[in-house]
Amino acid sequence: MPHGSALRSAITASGTTPLIGVYDMYSASIAAQHYDGLFVSGFGFAASFYGLPDIGFIAWPDIVAFTERLRWAFPRHHLLVDIDDGYGDPEVACHVVRRLERAGASGVILEDQKRPRRCGHVAGKQLLPLDEYLDKLERVLACRTGDLTVVARTDATDEAEILTRAKALAATDADVVLVDGVRDVDAIRRIRDSIGDKPLLFNQIAGGRSPRLSLGELAELGVDVAIYSTPCLFAAHEAMDKALTDLTVTGGRLPETGDSGVGVSQSVELLTRNLQGTQSTQHG
């Protein structure tokens, strides 16, 4: 089944489909063992590739190249790519979408922010006029040459504006609607009611504005797909900080590796699987 159709089928199946945020090939190699779906998080990619916050520094050739590497290593996984505002005007956005289709992306997320943009869970976001965003979205939808799944995202924060934009996005041919930075469960219910039968995506990010909910709880709320933007990035941050603190405490002596530790053999085994694209999930 083509990548876009496979993702669309997973999203419209019963329950809530999880997609795990990855920021480099190593994090993707680990995530791919556990879940069938990967999400190229703008937050994670900006942090990993540039060492910068998620405020619009990502260049589209870098995200396309990363997607190509991911698809080569993980031919059977869902691969949703955050393309922010499309990296510029509608012509650029369409070019990026066509390139990502050829690279093997399953889907993309296009937001309604204007520059300077911000992570959806921080203050200072500014929105494009709705008609301007809808024009960009419609052009992106029309430029697809295959079955790419398109998620229409609004970063509105005012309740009335959220519902107005969510309804407008649901009325397009976009496959899924995302309202980022939703603050509570009641807001999720209102959004779900406002968009009718259109599939709904929910973004979970540790320390963000949205409530922490299980997949079962999200399914009960009518959420069709959940992206987990940063668990790999934040876990790596914590683990690396601890490992280097421990190294200092031990005077530079590395710990023993055993059943619970990672050493050369475990790492090489993980990465060797990518040579044949043989990664399979343990669960998820």
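Let's start on the surface, with a nonpolar patch of about 340 Å², made by Y26, I30, V262 and L271. Keep in mind, everyone, that we are looking at a predicted model.

Take I30 from that patch. I30 sits in helix α2, which covers residues 25-34. Is I30 buried, exposed or partly exposed? The relative accessibility of I30 is 36%, so I30 counts as partly exposed, because that class lies between under 20% for buried and over 50% for exposed.

Now to the largest pocket, which holds about 870 Å³ of space. Its lining has 28 residues, and those closest to the centre are Y26, I30, A239, M240 and V262. You have met some of these names already: Y26, I30 and V262 also belong to the patch. Two or more lining residues come from each of α2, α10 (231-249) and α11 (264-276). Which element gives the most? That is α10, with nine residues. By class, the lining of this pocket has 18 nonpolar, five polar and five charged residues.

The second largest pocket has about 160 Å³ of space. Of its 14 lining residues, T157, E159, I162, R183 and A187 lie nearest the centre. Here α7 (159-170) and α8 each supply at least two residues. The classes are seven nonpolar, two polar and five charged.

Last stop, the cavities. There are two of 30 Å³ or more, and the second largest has a volume of about 40 Å³. Its lining consists of V179, V182, I188, I191, L200, L201, F202 and V223. Strand β7 (200-204) gives the largest share, three residues. As for class, the eight lining residues are nonpolar, with no polar and no charged ones. Thanks for listening!

Technical notes. Residues are numbered from 1 along each chain as its sequence is written. This is a predicted model: local features need pLDDT of at least 70, side-chain atom pairs count only at pLDDT 80 or more; totals for chains, interfaces and linings use all residues. Side-chain values use heavy atoms; hydrogens and water are left out. On a 1 Å grid over the protein atoms alone, a cavity is a set of points where a 1.4 Å probe fits but cannot get out, and a pocket is an open set with protein on both sides within 12 Å along at least five of seven lines; lining residues have an atom within 4 Å of a point. Grid points are joined across faces, edges and corners, and a volume is the space filled by probe spheres set on the points. Helices (H or I, at least four residues) and strands (E, at least two) are DSSP runs, numbered from the N terminus. Ala, Val, Leu, Ile, Met, Phe, Trp, Tyr, Cys and Pro count as nonpolar, Asp, Glu, Lys and Arg as charged, and the others, Gly among them, as polar. Patches are made of residues with over 30% relative accessible area and no salt bridge: like charges are joined within 9 Å, nonpolar side chains (Val, Leu, Ile, Met, Phe, Trp, Tyr) within 5 Å. Accessible areas come from the Shrake-Rupley method with a 1.4 Å probe; for residues, only the protein chains shown count as cover. A salt bridge is a side-chain nitrogen of Lys or Arg within 4 Å of a carboxyl oxygen of Asp or Glu. Buried means under 20% relative accessible area, exposed over 50%, partly exposed in between (1.4 Å probe, protein chains only).
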